[in-house]
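Open the model in your viewer and get ready to make a few selections. We will start at the ligand and work outwards.

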Amino acid sequence: MTIMSTLLTLLDAFDNLPQARDLRETTYRALGDAVVDVGCGGGRAVGELAARGVRAIGVDLNPAMIQAAADRWPAAEFHVADATALPLDDGSVTGYRADKLLHALPEPERAVAEARRVLAAHGRAVLIGQDWDTWVIDSDNPELTRALVHARADRMPHPRIARRYRNLLLDNGFTDVTVEVHTIVWTDASCLPTLADIAGEGAWLDAQAARARDDRLFAALPIFVASGTRAG
Ligand SMILES: C[S@@+](CC[C@H](N)C(=O)[O-])C[C@H]1O[C@@H](n2cnc3c(N)ncnc32)[C@H](O)[C@@H]1O
């Protein structure tokens, strides 16, 4: 499996959770009729928005990801581009969406400035993602669990960016900034691929698999949703 297909499998598993579907719905509110989804991955949000009659544009830096998205959602529009240099004119969209993206960027503030550039006056931006330090996982070895979670977080450029979403929007002149938190809870084996991504194979993961078999797995993850309006 390539890194891209592994990521796509993890994203699909997450997206298919009923709680994740409800969360996505909340992120589609008030984005208007022309929406760019940046770091779109497999393009699910783009496809879902396009199916509602929105002009939905997916952008991702990874050409293989964009190919997968275009194959899955042929009615939608996709482009390979960087979040800091979108192939869009100034003020050309009514909505901007970035889901699980900013933690991966070396300079997330530049992506938010780019959101401001492409949004029309009174357009709405929504930033969605987790704080990678806030995984809650029941384990017989909490110290090791904390160390594994933090080690995974430390492999990305900005693991704690979600707690800064509100300030990033305010610092870029967005108004009416709101923040919601939606906590995803897993109690079964559907969480194991995600836990494997955190910890890798080994005794810790085996213990979590045993918990899943015994109906004793518990993991929770707060997802932050911050929105703001581009001032006129
Ligand atoms: C964790 S995935 C999230 C995908 C999708 N938003 C979702 O929620 O399922 C992050 C995506 O951001 C893309 N990405 C990473 N750096 C990027 C950049 N600088 N510009 C645009 N996309 C980027 C990756 O290729 C990947 O598809």
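Here is a short tour of the ligand and the pocket around it.

Keep in mind as you go that this is a predicted model.

**Stop 1: the ligand and its shell.** Select the ligand, then show the residues around it: there are 15, and those that come nearest are Gly39, Asp60, Ala83, Asp99 and Lys100. Colour this shell by class and you will find eight nonpolar, three polar and four charged residues.

**Stop 2: polar contacts.** Zoom in on Gly39, where a polar backbone atom is 2.6 Å from a nitrogen atom of the ligand. Next, pick Asp82: one of its polar side-chain atoms lies 3.2 Å from a ligand nitrogen. Then move to Lys100, which places a side-chain N or O atom 2.7 Å from an oxygen atom of the ligand. Now turn on the surface: on its own the ligand has 600 Å² of accessible area, and the protein covers 87% of that.

**Stop 3: the pocket.** Which pocket does the ligand take up? The ligand occupies the largest pocket, a space of about 1200 Å³. Select its lining, which is made up of 50 residues; Leu7, Leu11, Lys100, His103 and Ala104 lie nearest the pocket centre. Among the elements that give two or more residues to this lining are helix H1 (3-15), strand S1 (34-38), helix H4 (63-72) and helix H8 (192-199). Highlight H1 in particular, as it supplies the largest share of the lining, nine residues.

**Last stop: colour the lining.** By class, the lining of the largest pocket splits into 24 nonpolar, 10 polar and 16 charged residues.

Technical notes. Residues numbered from 1 in each chain as written. Predicted model: local features only at pLDDT ≥ 70, side-chain atom pairs only at ≥ 80, totals over all residues. Heavy atoms only, no water. Near = heavy atom within 4 Å. Polar contact = N/O pair within 3.5 Å; in protein donor to acceptor, adjacent residues only side chain to side chain. Areas by Shrake-Rupley, 256 points an atom, 1.4 Å probe, with all protein chains shown as cover. 1 Å grid on protein atoms, 1.4 Å probe; cavity = no way out; pocket = protein on both sides within 12 Å on 5 of 7 lines; lining within 4 Å. Sits in = over half its atoms within 2 Å of the grid points. Nonpolar A, V, L, I, M, F, W, Y, C, P; charged D, E, K, R; others polar. Points joined across faces, edges and corners; volume = space filled by probe spheres on them. Helix = DSSP H or I, 4+ residues; strand = E, 2+ residues; numbered from the N terminus.
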